[in-house]
Each structure stands twice: as structure tokens, then as C-alpha cells.
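Reader: I am new to this structure and would like a close look at one part of it, namely how its helices pack against one another. Please take me through that part slowly, and then place it within the rest of the chain.

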Amino acid sequence: MVSPAGWGCPGRARLALCLAGLAVSAYALHVKAERARNRDYRAYCDVGESISCSRVFSSPWGKGFGLVEPLLGPDSILNQSNSIFGLIFYSQQLLLGCYSAPWAWSVLMFSSVLSLVGSAYLAWILFFVLHDFCLVCVTTYAINLGLAILNYRKAVGPLGLQDRNKKRH
């Protein structure tokens, strides 16, 4: 029997991952703003020449994934700091993770796949174009992977149980 849609607890793992994602995204936004105000600003995540999150956030790929401005122009509403997209994503993952409707889990799974594609793209840019290591960026990639795993388990959980039950009978 399928339970009716309603609000509930997101689970400890989802709550922890989403809160961590929100905190890391807010910190990234703070670092980018401080760096824009003061070019000499040194963030806690700026460990060395090749380990610098503020350099990454200030790069062309730190805004609109480096894709929006060339495609839609610098004044597009979508040409925002990647951290803004992170705040939206983690808020959506937390809120919809509390809602038990099939469409909500479809949205969660779809957005997780998009986050993994975005993470892979930005990781490639980070390592092979910028030749940098960003602690904040890599942390968000890990959080995105964790959320994708949670969403996948939730999406296939009931189907997996049904398939096992059918094989037993």
C-alpha cells in the first residue's frame, strides 16, 4: 500500500547533507563578495597558490557555470554566482525531501543527476583549466554525490522490495 503524500522528517543524513551544503554555499558567496570588495582578501580556504577557493570563485566559471554569460549575456537573470544555485539546490533538496509524493522524489532525483553533471563539469574546469584545488568546491561535489545516493536509494527502495517479494512467492 502506498502512503498518501504528506510532510515528514527528511532523515538525519539528508538534513546533515543539506545543512552542510547550505553552509558551504553561503560561505562561498561570502568569500566571493569579500574578494570583489578587496582583491587582497584571503579566505580560510585559500591555503596556497594552487589551493585557492577565492581565485576559483572569481573566475569566469564562478558565475553561471561559465556558460550563461556567453549564451545569454552578462545581464541575464541566470548569470548568478554558482553559490546562489547551490543555495537553491540544497533548499529544494531539504524541502522536497520532507514531502512524500512520487513527483517530489522524481524532482529530487532529476535535480541530483543535474548536480552530478554540474559537479563533474566544474571539477574538470577546476583541475584541467584552472589547475587549482578548491576545498569548498570539492566539498560540494561530495555533498552532491551523497544526496544523489540518498535519492537513488529512496527512488528504487520500494521497487527493490517489491521485486524481492515477488521472487520469494
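Author: Helix α4 passes helix α5 in a left-handed crossing. In this predicted model, the axes of α4 and α5, the latter covering residues 102–129, come within 10 Å and cross at roughly 150 degrees. Because an angle over 145 degrees counts as roughly antiparallel, α4 is described as roughly antiparallel to α5. On the side of α4, the contact is made by Asn 82, Phe 89, Gln 92, Gln 93, Leu 96 and Gly 97, while α5 contributes Trp 103, Ala 104, Trp 105, Val 107, Leu 108, Ser 111, Ser 112, Ser 115 and Leu 122. Sorted by class, the contact of α4 with α5 has 8 nonpolar and 7 polar residues, and no charged residues.

Helix α4 also packs against helix α1, which spans residues 12–37, and here the angle is about 160 degrees, with the axes 8 Å apart. That angle makes α1 roughly antiparallel to α4, and α1 passes α4 in a left-handed crossing. From α1, the residues that meet α4 are Arg 14, Leu 15, Cys 18, Gly 21, Leu 22, Ser 25, Ala 26, Ala 28 and Leu 29; from α4, they are Ser 83, Ile 84, Gly 86, Leu 87, Tyr 90, Ser 91, Gln 93, Leu 94 and Gly 97. By class, the contact of α1 with α4 has 10 nonpolar, 7 polar and 1 charged residues. Gln 93 and Gly 97 of α4 take part in the contact with α1, and Gln 93 and Gly 97 are also listed in the contact with α5.

Helix α1 can be followed further through Val 24, a residue found in that helix. With a relative accessibility of 17%, Val 24 counts as buried, because the cut-off for buried is under 20%. Leaving aside neighbours within four places in sequence, Val 24 is in contact with Val 136, Thr 139 and Thr 140. Val 24 and Val 136 are 112 residues apart in sequence, yet their C-alpha atoms are 6.6 Å apart in space.

Val 136 appears again among the contacts of Phe 57, a residue that also touches Ala 28, Val 31, Lys 32, Gly 62, Cys 134 and Cys 137, not counting residues up to four places away in sequence. Phe 57 is found in helix α2, which covers residues 53–57, and Phe 57 is buried, with a relative accessible area of 9%. From Phe 57 to Ala 28 the separation is 29 residues in sequence and 7.4 Å in space, C-alpha to C-alpha.

Turning to the chain as a whole, there are 6 helices and 2 strands, arranged along the sequence in the pattern α-β-β-α-α-α-α-α. Of the 169 residues, 40% are buried, and among contacts between residues at least 6 apart in sequence, 62% join residues at least 24 apart.

It remains to ask how confident the prediction is. The chain averages a pLDDT of 88, and 90% of the residues score at least 70. Among the elements of the chain, α4, at residues 82–97, has the highest mean pLDDT, 96, whereas helix α6, at residues 135–168, has the lowest, 79. Over residues 160–165 the pLDDT is below 50, and this stretch has 0 contacts in the model beyond near neighbours in sequence. Where pLDDT is low, the predicted coordinates should not be read in detail.

Terms used:
Residues are numbered from 1 along each chain as its sequence is written. This is a predicted model: local features need pLDDT of at least 70, side-chain atom pairs count only at pLDDT 80 or more; totals for chains, interfaces and linings use all residues. Side-chain values use heavy atoms; hydrogens and water are left out. pLDDT is the predictor's confidence in each residue, from 0 to 100. Helices (H or I, at least four residues) and strands (E, at least two) are DSSP runs, numbered from the N terminus. Contact means heavy atoms within 4.5 Å. Axes are lines fitted to C-alpha atoms, for helices over the stretch in contact, and angles run from 0 to 180 degrees between N-to-C directions. Angles under 35 degrees count as roughly parallel, over 145 as roughly antiparallel, 65 to 115 as roughly perpendicular and the rest as oblique. A crossing is left-handed if the near helix is turned anticlockwise from the far one by less than a right angle, and right-handed if clockwise. Ala, Val, Leu, Ile, Met, Phe, Trp, Tyr, Cys and Pro count as nonpolar, Asp, Glu, Lys and Arg as charged, and the others, Gly among them, as polar. Buried means under 20% relative accessible area, exposed over 50%, partly exposed in between (1.4 Å probe, protein chains only).
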